[in-house]
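Here is a short report on a protein model and its bound ligand. Look over the sequence and the structure first.

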Amino acid sequence: MKITFYSSKKYDTDSFKKHNLENYELEFLESSLTQESAALSKWSDAVCVFVNDRVDAKIIDILKKNWVKLILLRCAGFDKVDHQYAATQWIKVMRVPMYSPHAVAQHALWLLLCANRNIHTANNRVKKNNFTLDWLIWSDIQDKTIGIIGTWLIWAIFAKMMHWWFGCNILAYDIVQSEELISLWVKYTDLEDLFTQSDIISLHCPLFPSTKNMINKQSIEQMKSWVMIINTSRWELVETHDILDGLDQGKIWYFATDVYENEQNIFFTDHEDKDLKDPVLKKLQEHPKVLLTPHQAFLTHEALDQIAKTTFVNIKDFIKGNESHNYVL
Ligand code: NAI
């Protein structure tokens, strides 16, 4: 079995080599998966891709010509893979739905806490000998209402931290309700109610046509003034210009995000001193009420180990024809 890895970083090479107990042949390419680099999958049984590798029909056709039979996502989200087209070409798609929900939930918490007290701004000021407190005042989190959209693994950890540690009220919205916490202290509600009552809104649902742009002009108008929005899921859940308008008008107090709409060509690479020619990103980078991190929520040692281990289990299940919940159908 030969597997070609795209968008590989050193931490991928390290963790996949460490957990390669079956001695599969692994080839690590730094390049993302593009129509050009897809040709390098020749003689591979599988390709392994990451969150920003777009695997569309044209790329699937090239993989098919190269006799690739399996696309392994070393991540949970599968919104950039045309898995329905892959199925028509008899190529299976597998993902790692669960590796460390703690990692993402904890990152959402750090984003919330840093944004709430403007820690990054304070730190930057102090480094420049500016010890003023202007614009650093904000509220206690205790007793605030947190609205969480998407309630599977990550949300449950995030919701527990916010309720047990900080005494927040939790409102939740999902198309499927979690029985685990419902009777205790989580109140499921509809989206309109969540938008109107929440002081802080955190997005934890996948990107689907039904969730795309769910945070838009209309939903922002329903929200409380000075709402904080946290996005550790996928950028496209928000409507970019409506978010920027909400920030400029002061309706949104803070927007803290680990994801960005054009991150595919920008994130995970050092572009220091380059003009990225991306006016929206520039606006976000310069906006005093935006906290942006480079899609790092998943990145803990534990998560990397689990991603590699699960990917190898996926390969084994594929080879043996075992049933698995990790197939993207
Ligand atoms: P998940 O993505 O499997 O599902 C979350 C929940 O969303 C489910 O309970 C599902 O019923 C719900 N959902 C589906 N359609 C919905 C809709 N229309 N409205 C409301 N809820 C809906 O769960 P998980 O693992 O909690 O991940 C959440 C998201 O976080 C992922 O989809 C992924 O995009 C993102 N993620 C980001 C990472 C990062 O490093 N920033 C790392 C891992 C995941």
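The notes below cover the domains, the ligand site and the polar contacts.

## Model and domains

This is a predicted model. The chain is assigned two parts: domain 1 (2–99 + 300–320) and domain 2 (101–292). Domain 1 is thus listed as two segments, with domain 2 given as a single range. Between the C-alpha centres of the domains, the distance is 30 Å. At their contact, domain 1 supplies twelve residues and domain 2 supplies eleven residues.

## Ligand site

Where does the ligand sit? The ligand occupies the largest pocket. Around the ligand are 23 residues. Tyr99, Asp174, Thr232, Asp258 and Phe298 are the closest.

What is the make-up of this shell? Twelve of its residues are nonpolar, eight are polar and three are charged.

## Polar contacts and burial

Three contacts to ligand oxygen atoms can be listed by residue:

- Phe298: a backbone N or O atom, at 3.1 Å from a ligand oxygen.
- Arg234: a side-chain N or O atom, at 3.2 Å from a ligand oxygen.
- Ile154: a polar backbone atom, at 3.3 Å from a ligand oxygen.

How much of the ligand's accessible area does the protein cover? On its own, the ligand has 850 Å² of accessible area. The protein covers 90% of that.

Phe298 appears twice in this picture. Phe298 is among the closest residues to the ligand, and its backbone makes a polar contact with a ligand oxygen. Arg234, by contrast, uses its side chain.

Technical notes. Residues numbered from 1 in each chain as written. Predicted model: local features only at pLDDT ≥ 70, side-chain atom pairs only at ≥ 80, totals over all residues. Heavy atoms only, no water. Near = heavy atom within 4 Å. Polar contact = N/O pair within 3.5 Å; in protein donor to acceptor, adjacent residues only side chain to side chain. Areas by Shrake-Rupley, 256 points an atom, 1.4 Å probe, with all protein chains shown as cover. 1 Å grid on protein atoms, 1.4 Å probe; cavity = no way out; pocket = protein on both sides within 12 Å on 5 of 7 lines; lining within 4 Å. Sits in = over half its atoms within 2 Å of the grid points. Nonpolar A, V, L, I, M, F, W, Y, C, P; charged D, E, K, R; others polar. Domains from an automatic or database assignment. Contact = heavy atoms within 4.5 Å.
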